[in-house]
Amino acid sequence: MNGHGKSDSSVVPKKLSNKTADEEAERVEGRGLAKGNPQEERAFRTQGREDAKTGLERVREAAEGDRRQKFTALLHHVYDVERLRAAYEGLNPKAAAGIDGETWKHYGERLEENLQELSEKLRRGAYRASPVKRAFIAKANGGQRPLGVPVLEDKIVQRAVVEVLNAIYEAEFVGFSYGFRPERRAHDALDALATGITTRKVSFVLDADIRSFFDTLDRGWLVKFLEHRVGDGRVIRLVKKWLAAGVLDGDEWKATEAGTVQGGSISPLLANVYLHYVFDTWVGRWRKTQAEGDVIVVRFADDFVVGFEHRSQAEKFLTDLRERFRRFGLELHAEKTRLIEFGRFAAENRAKRGEGKPETFAFLGFTHICGKTRSGRFTVIRQTMRQRLNAKLKAVGAELKRRMHEGIPAVGAYLRAVMRGHMNYYAVPFNIRAIQRFRQRLVLLWKQVLGRRSQTASVTWERMKALHERWIPPARICHPYPTQRLLVRTQGRSRMR
């Protein structure tokens with residue numbers, strides 16, 4: 001899918017021969033490249049210690065110039081002190097400490113000495129990865145998501161590696177991949193999806209969910225995929241160290257045989273590399289060689305939506321996708337993967353058959369609904385997922401109770417930040433009622449907490465009116481329509497390579 005919601009099928013591609021398709025499959029699935037550097041003439045070697053920015057620019061240019069090139073000299077970009085310093089400064093100063101208890105502030109008290117020592121350890125091969133500390137965060141459905149908290153130096157090195165590898169993989173990744181990439185946000189993916197559904201012949205949507213993706217991806221395949229472009233074994237060994245470091249759950253160390261622990265800076269990039277070869281490149285071949293009619297794709301990390309013109313094509317794709325994932329150790333979640341009728345003709349076709357309204361699907365925190373504009377034209381209406389809204393309000397209520405005895409200005413400033421942050425993400429066209437409802441609930445929560453501060457006096461609505469008008473911004477739409485922003489972001493260029 002390109003920046004306007006258009007797939008490559010907007011231009012009828014030349015069909016690939018079976019031999020050509022097989023050769024391409026050999027390359028992306030890791031069967032045609034031996035360990036080491038058999039294609040030495042394609043290797044990019046960096047001479048000397050250039051300026052950090054200039055060095056990565058050369059890597060980026062080389063990656064864009066030859067998609068099959070392997071890079072055999074990358075580690076010196078990682079242990080460059082300036083890059084390590086930038087990685088440190090890019091960390092959240094308030095983030096939780098890892099198992100060594102080292103904080104961002106304390107590490108910074110001897111920053112230059114610490115970075116020099118870290119650089120030297122990386123250069124000599126003496127760097128060791130530490131186990132991550134197990135932590136859990138609440139999910140919108142009431143469950144808990146496991147996260148790993150790396151030690152500070154692991155965070156620094158991972159961020160440096162990500163910057164270096166991004167110089168290579170940003171030339172490799174396809175246009176419909178949006179998650180955790182430079183200058184790409186969730187709203188870009190949302191805009192691309194909405195635009196694709198409204199402007200292309202989409203009648204069916206596959207809403208897919210990969211079961212426990214980060215816990216199940218095959219590390220053997222991951223390393224093979226990395227070795228397609230990364231010929232520097234020292235960088236590959238860094239990745240292997242992080243994968244094998246294990247987790248510390250309380251006082252117990254546990255090995256992890258598969259997957260990559262969520263929480264580290266490297267995990268999103270590794271996930272994108274894995275799905276690039278397992279899903280993205282395969283989808284590109286499938287659309288060119290097997291698809292009939294329009295097919296649009298939008299992927300954000302391990303969450304993706306595929307739109308089809310024909311049900312038969314959607315069903316065939318789903319069958320082929322299950323087989324493809326099975327080969328690489330992945331599985332679609334049976335209960336969360338659905339093929340639904342959705343698009344500009346869905347309501348009309350279902351009415352003819354005596355069926356109800358088209359089903360909805362969730363993507364990136366929004367429920368997507370078939371709707372119409374005031375002029376009667378089809379559009380995709382996006383509303384805040386009820387689970388997400390309720391989970392956020394629950395968290396705000398708990399925080400207000402904790403702040404019960406703080407002054408009005410402090411609590412008001414907190415609620416102002418909450419409201420602005422909520423609107424910055426959810427205030428999209430056609431979602432004003434959900435934004436208004438969220439604000440009303442904030443006011444009610446504040447009133448309830450203020451009422452508990454005194455056993456004799458209650459807070460009147462007149463008093464609350466003055467407070468929320470002073471502190472909580474009014475509900476409003478902050479985002480433009482998807483087609484408008486997508487045109488500005490892409491400047492008419494395709495995002496599907």
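1. Strand β3 spans residues 204-209 of this predicted model. Five of its six residues are buried, so β3 is largely enclosed by the rest of the structure. Strand β7, residues 303-308, runs antiparallel to β3 and is joined to it by six bridges. Within that pairing, F204 stands opposite F308 of β7. Strand β8, residues 338-341, also runs antiparallel to β3, and four bridges join the two. Here D207 has R338 of β8 as its bridge partner.

2. A208 belongs to β3 and deserves a separate remark. Its relative accessible area is 2%, and because buried means under 20%, A208 counts as buried. Beyond its neighbours within four places in sequence, A208 contacts D303, F304, L332 and T337. The contact with T337 links positions 129 residues apart along the chain, yet the C-alpha atoms of A208 and T337 are separated by 4.3 Å.

3. The packing of helix α10 may be considered next. Which way does α10 run relative to α11? The two are roughly antiparallel: the axes of α10 (residues 219-227) and α11 (residues 233-244) cross at roughly 160°, and angles over 145 degrees are therefore placed in that class. The axes come within 11 Å, and α10 passes α11 in a right-handed crossing. On the α10 side the residues that meet α11 are R219, L222, V223, L226 and E227. Those of α11 are I236, V239, K240, L243 and A244.

4. Helix α10 also packs against α12, residues 266-289. The axes of α10 and α12 come within 9 Å and cross at roughly 85°. The range for roughly perpendicular is 65 to 115 degrees, so the two helices are described in that way. From α10 the contact involves W221, L222, F225 and L226. From α12 it involves L270, V273, Y274, Y277 and V278. L222 and L226 of α10 appear in the contact with α12 and also among the residues that meet α11.

5. An open sheet of three strands, with antiparallel pairing, has the order β9-β10-β11. Its edge strands are β9 (361-363) and β11 (378-384), each of which pairs on one side only. Neighbouring strands of the sheet are turned by 40° against each other on average, direction ignored. Strand β10, residues 366-372, is joined to β11 by seven bridges, and these two strands run antiparallel. One of the pairs across them is K372 with F378 in β11.

6. Which helix lies across β9, β10 and β11? That position is taken by α8, which runs at about 150° to β11. Helix α8 covers residues 186-199 and follows the loop that begins after α7, residues 152-169.

7. The backbone at F180 merits inspection. F180 is found in the loop between α7 and α8. Its phi is near 55°, a positive value in a residue other than glycine. Most residues other than glycine have a negative phi.

8. A second positive phi is found at F430, where the value is near 75° and the residue is again not glycine. F430 lies in the loop between α16 (408-426) and α17 (432-452). Is F430 buried, partly exposed or exposed? Its relative accessible area is 33%. Buried requires under 20% and exposed over 50%, so F430 is partly exposed.

9. In helix α7, E153 has side-chain polar contacts with two residues. One, to the side chain of Y107, is 2.8 Å; another, to the side chain of K121, is 3.2 Å. Not counting residues up to four places away in sequence, E153 touches Y107, N114, L118, K121 and Y127. Y107 and K121 thus take part in the polar contacts and are also listed among the residues that E153 touches.

10. Helix α4 covers residues 81-89. What caps its N-terminal end? The cap is D80, which has a side-chain oxygen 3.0 Å from the backbone nitrogen of E82. The buried residues of α4 are V81, R83, L84, R85, A87 and Y88. Two arginines, R83 and R85, are therefore among the residues under 20% relative accessible area.

Conventions: Residues are numbered from 1 along each chain as its sequence is written. This is a predicted model: local features need pLDDT of at least 70, side-chain atom pairs count only at pLDDT 80 or more; totals for chains, interfaces and linings use all residues. Side-chain values use heavy atoms; hydrogens and water are left out. Buried means under 20% relative accessible area, exposed over 50%, partly exposed in between (1.4 Å probe, protein chains only). A polar contact is a pair of N or O atoms within 3.5 Å; within protein, one must be able to donate a hydrogen and the other to accept it, and residues adjacent in sequence count only if both atoms are side-chain atoms. Two strands pair if DSSP finds at least two bridges between them. Axes are lines fitted to C-alpha atoms, for helices over the stretch in contact, and angles run from 0 to 180 degrees between N-to-C directions. Contact means heavy atoms within 4.5 Å. Angles under 35 degrees count as roughly parallel, over 145 as roughly antiparallel, 65 to 115 as roughly perpendicular and the rest as oblique. A crossing is left-handed if the near helix is turned anticlockwise from the far one by less than a right angle, and right-handed if clockwise.
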